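Biologist: I am new to this structure and would love a close look at one part of it. Could you walk me through it slowly?

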Amino acid sequence: MSQEKAQLIAPLGNVTFTGVTATGVITATSLSGNITGSASSIVQGTSITAGVVTASSFAGNLTGNIQRLADSAPNISVGVVTATSFSGNLTGSVTDLTSQPAITVGVVTATRFSGPVTGDIRGNVTGNVSGVATGNVTGNVDGDITGNVTGTIAGNVTGDVTGNASGHAGGLGVSYNGGWTGAGTSQISVGVITATVFHGDGSTLSGVSGGPVSQQAVTIDGAATSIDLSSGNLIYATQSANTTVSFANSENGNVYFVRVKDNNTTPRTITWPSRIKWDGAITPTLISDSTAGDSQIFKLVTRDEGVTWYGKEVFESDAPYRELWMWGRNVQGALGQNDKTQHSSPVQIPGKWKEANAFSDTVMALKFDGTLWTWGNNSRGMLGQNAPQPSDLSSPTQVGTDTTWSNATGGGTCILAMKTNGTLWSWGYNYVGMLGQNSTAMKSSPTQVGTDTTWSQTTGLTSKYAIKTDGTIWSWGYNNVGGLGHNNKIDKSSPTQVGTNTTWSKVSTGHRQTAVAIKTDGTLWGWGSANNKVLNSSDTNAKSSPVQMGTDSNWKSIYQYSEGIQAFKTNGTLWMWGLNEFGQLGQNNLTNFSSPKQIPGTTWTGEAFTGPNFTLTTKTDGTLWTWGSNDTGQQGQNNTTKYSSPVQIPGTNWDYSKIFYQNYAEADIAIGIKQTS
C-alpha cells in the first residue's frame with residue numbers, strides 16, 4: 001500500500017498533517033502534531049507547537065513541555081527556556097525560569113541557581129545558593145548560602161550561611177564574616193565543630209574546640225576581681241589576695257579558670273558569683289599551700305548568656321611535698337632550729353622540701369621550686385653564701401637566686417651540685433682539686449665545672465665521682481691509693497673518665513678512697529682501698545681500676561660509708577658488709593664481714609644512707625629503721641642505747657633518710673624526709 005507524501009513550498013497559513021512523513025525543507029509558522037527526525041534550521045522567532053518532539057539537538061527558543069529527550073545525553077542549546085519540567089542532563093546556564101518550575105535532571109553544571117531547590121544536591125556547588133534547599137547537600141559549597149538548609153550538609157561550607165541550618169552539619173568550615181543571622185534558632189548536631197562563635201543553648205555541646213583557645217592572664221591581688229570574658233575564655237589567674245570574682249560580657253559556652261596561688265603558706269579565698277551552680281552543690285576547696293607547680297582548673301558553662309553558670313573542678317595538681325626532720329648533734333646549728341641545742345628525737349625544719357644531703361655539720365637541701373638552701377658549718381665556704389669563713393648558719397639560707405637546682409651532694413668540705421640543664425657546679429675547700437676546676441683555689445659560691453651539660457649523678461668526699469647521661473663514670477680529686485680508678489695514683493683537679501665502659505648506673509664512695517658502682521646489667525664493681533675488705537674479697541690490696549664483686553646481677557642501689565657498704569637488690573632485700581664495731585651491720589652481733597650479709601626483710605625501699613657506725617633506711621610501708629651507735633641520740637629513740645639489729649623510729653610516711661658526721665669516726669647527725677600532701 002502506497003504511503004502519502006507531500007512536498008510543501010511556501011504554504012499559506014497553518015497546515016495540519018496527520019501521519020505525514022515529510023522530507024526536505026519545511027518552512028512554516030507553526031507545526032501541530034508529532035515530529036520525528038531532525039529540525040536543523042528554524043527561522044528566527046518562529047514558533048513550533050508539537051505534541052512529542054524526538055530529536056538529538058535543538059537550537060532556538062522553546063516554549064512548552066519537554067517530556068522526553070533522547071537516551072544518548074542530547075544537548076539543548078537555547079536562549080530562554082520556559083518549561084514545567086526537564087528530564088536529562090543540562091550543561092550551561094539557566095537564567096530565566098517560570099515561577100516555581102520543577103526541574104528533574106541527572107547532573108546539573110551551572111554558575112548560579114535562583115529559587116527553591118527541592119530534592120538532594122549530590123555534587124559540589126561552586127557559586128552561591130540563594131534559595132532554600134529542603135533536601136540534603138552531600139557535596140561541598142564553595143560560596144554563600146543565603147537561604148535555609150533543612151537537610152543534611154555533608155560537605156564543607158566555605159562561604160557565609162545567612163539562613164537557618166536545621167539539619168545535620170557533618171563538617172562545617174564557616175568563614176565567619178559579620179555573623180550568622182539565622183543561627184539564633186538553628187540546631188546543629190555534629191561530631192566536630194570548628195568555628196569562631198557558637199549561638200544557641202549548647203545543650204549537647206561537650207569537649208573543647210580543636211583550634212586555639214583565647215587566653216587572658218588575670219592578676220588577683222585585691223578584694224574585687226572583674227574578669228572581662230570578651231578578652232578570652234581561658235583564664236590564667238595568679239592569686240595573692242582574698243577576692244570576690246565577677247564576670248562581664250558573658251557569651252554562651254565554656255570558660256576555663258586556671259588558678260595558681262602565690263608562693264607562701266597563707267590561704268587565699270575566692271568568693272564566686274552566686275549564680276554559679278557547682279557540681280554536687282559543693283563549692284570546690286582551694287589549694288592553700290605554696291608547693292611549686294600546684295594548680296587547679298575550674299570549668300564554667302553558661303547557656304543563657306551568663307544568667308546561670310554550671311561549674312565544677314576538672315583538674316587539681318596539689319603536688320605532694322616532703323617534710324624535713326633532723327636529730328642528733330647540733331654544735332654548729334646543723335639541725336636548722338636557729339639554735340645549737342642537741343636533740344635525741346626528730347625535730348622538723350620549717351618549710352616544704354624535696355630532698356636533703358649533708359656532711360661535716362653542713363646541710364644542703366632543695367625545695368620543689370628549684371631553690372637550694374644551706375646551713376650549719378661554713379669553715380671552708382661550703383654554704384655557698386660568698387661570705388667570710390667561718391660564718392656558720394643555724395637556719396636555712398638560700399644559695400643565690402637560681403631556681404634550677406636539681407641535686408646537691410657534699411663531702412671533703414666541698415659541695416657538688418647539678419642544675420636542670422645538666423651542668424655541674426662546685427664550691428668549698430679545694431686542696432687537691434676536689435672542685436674539678438683544674439685548680440686548687442677555694443670557692444665560696446657556686447662555680448661551674450667545665451662546660452658539659454650531661455651530668456646526671458655525683459658523689460664523693462675528697463675523691464669525687466660522677467656519672468653522665470651516656471653511662472660513663474668520671475672522677476677527680478684525691479688518689480693516693482688509686483681510688484679514682486685510673487690505674488694510677490695521680491691526683492686529678494678536673495674530671496677524668498674511668499675506663500671506657502658506658503653502662504654505669506650507680507656510684508658511691510666513702511672516705512677510705514674506695515668506690516663501688518653498679519652497671520646497667522645489675523653487676524657490682526669496686527676499686528680503691530680494700531683495707532676493710534669492703535671490696536667483697538679476702539684480698540686487702542688496693543685496686544686502681546674496677547673489679548667485679550661477686551657474681552650476682554640483681555643489685556639495685558648502693559651506699560658506702562668509711563667502714564662498710566649497704567646495698568639493695570631488686571627483690572627488696574638489704575645486704576651489708578665491712579666493719580661492725582658498733583653493730584652497724586644489723587646482724588645482732590659485732591662480727592666483721594667481708595662478704596654481703598642480709599638484713600631480715602624483703603620490703604626495703606633501696607633509698608637510704610649509712611654512716612661509719614650506724615644506719616638509717618626505710619621500708620615500703622613508710623616506716624624508718626635504724627641500728628648501730630647511738631652516742632648522741634642519732635637513732636631517734638630518745639635515748640643513747642646502741643642497737644645491733646633494726647629498731648623502728650616512731651612515725652610513718654618516711655620517704656628516705658640520710659646520715660652525716662663531724663669526723664670519720666663518729667656519725668652523729670641524722671636526716672629524715674617524710675612524704676606528705
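Which residue in β21 does A356 stand opposite?

Modeller: Happy to help, and please keep in mind that this is a predicted model. A356 stands opposite A365 in β21, so let us take that strand as our starting point.

Strand β21 covers residues 362–366, and five of the five are buried, so β21 is largely enclosed by the rest of the structure. In a regular strand, side chains alternate between the two faces of the sheet. Here T362, M364 and L366 point one way, while V363 and A365 point the other way. Residues on both sides of β21 are buried.

Now for the neighbours. Strand β20 (residues 355–359) pairs with β21 in the antiparallel sense, over five bridges. β20 and β21 make a hairpin with two residues between the strands, and in it S360 takes a positive phi near 40 degrees. Strand β22 (residues 372–376) also runs antiparallel to β21, joined to it by five bridges. One of the pairings to look for is T362 with its bridge partner G376 in β22. β21 and β22 form a hairpin too, this one with five residues between them, and G370 in the turn has a positive phi of about 85 degrees.

With β21 in view, you might like to look at the charged pairs elsewhere. Side chains of opposite charge can pair when their charged atoms come close. The structure holds five salt bridges. Among them is the one between K419 and D402, with the closest N and O atoms 2.6 Å apart. K419 lies in strand β25 (residues 414–419) and D402 in the loop between β23 and β24, so this pair ties together parts that are 17 residues apart in sequence. K419 is buried, at 10% relative accessible area, whereas D402 counts as partly exposed at 31%.

The side chains of D552 and K569 also meet in a salt bridge, at 2.7 Å from N to O. D552 sits in the loop between β35 and β36, and K569 in strand β37 (residues 564–569), 17 residues apart. D552 is partly exposed at 32% relative accessibility, and K569 is buried, with a relative accessible area of 9%.

A last stop is K261, which is placed in strand β13 (residues 253–261). K261 forms a salt bridge with D262, the closest N and O atoms being 3.1 Å apart. Both K261 and D262 are buried. K261, D262 and R268 are linked in a network of salt bridges.

Methods. Residues numbered from 1 in each chain as written. Predicted model: local features only at pLDDT ≥ 70, side-chain atom pairs only at ≥ 80, totals over all residues. Heavy atoms only, no water. Helix = DSSP H or I, 4+ residues; strand = E, 2+ residues; numbered from the N terminus. Salt bridge = Lys/Arg side-chain N within 4 Å of Asp/Glu carboxyl O. Buried < 20%, exposed > 50% of the residue type's maximum accessible area, 1.4 Å probe, protein only. Pairing = 2+ DSSP bridges.
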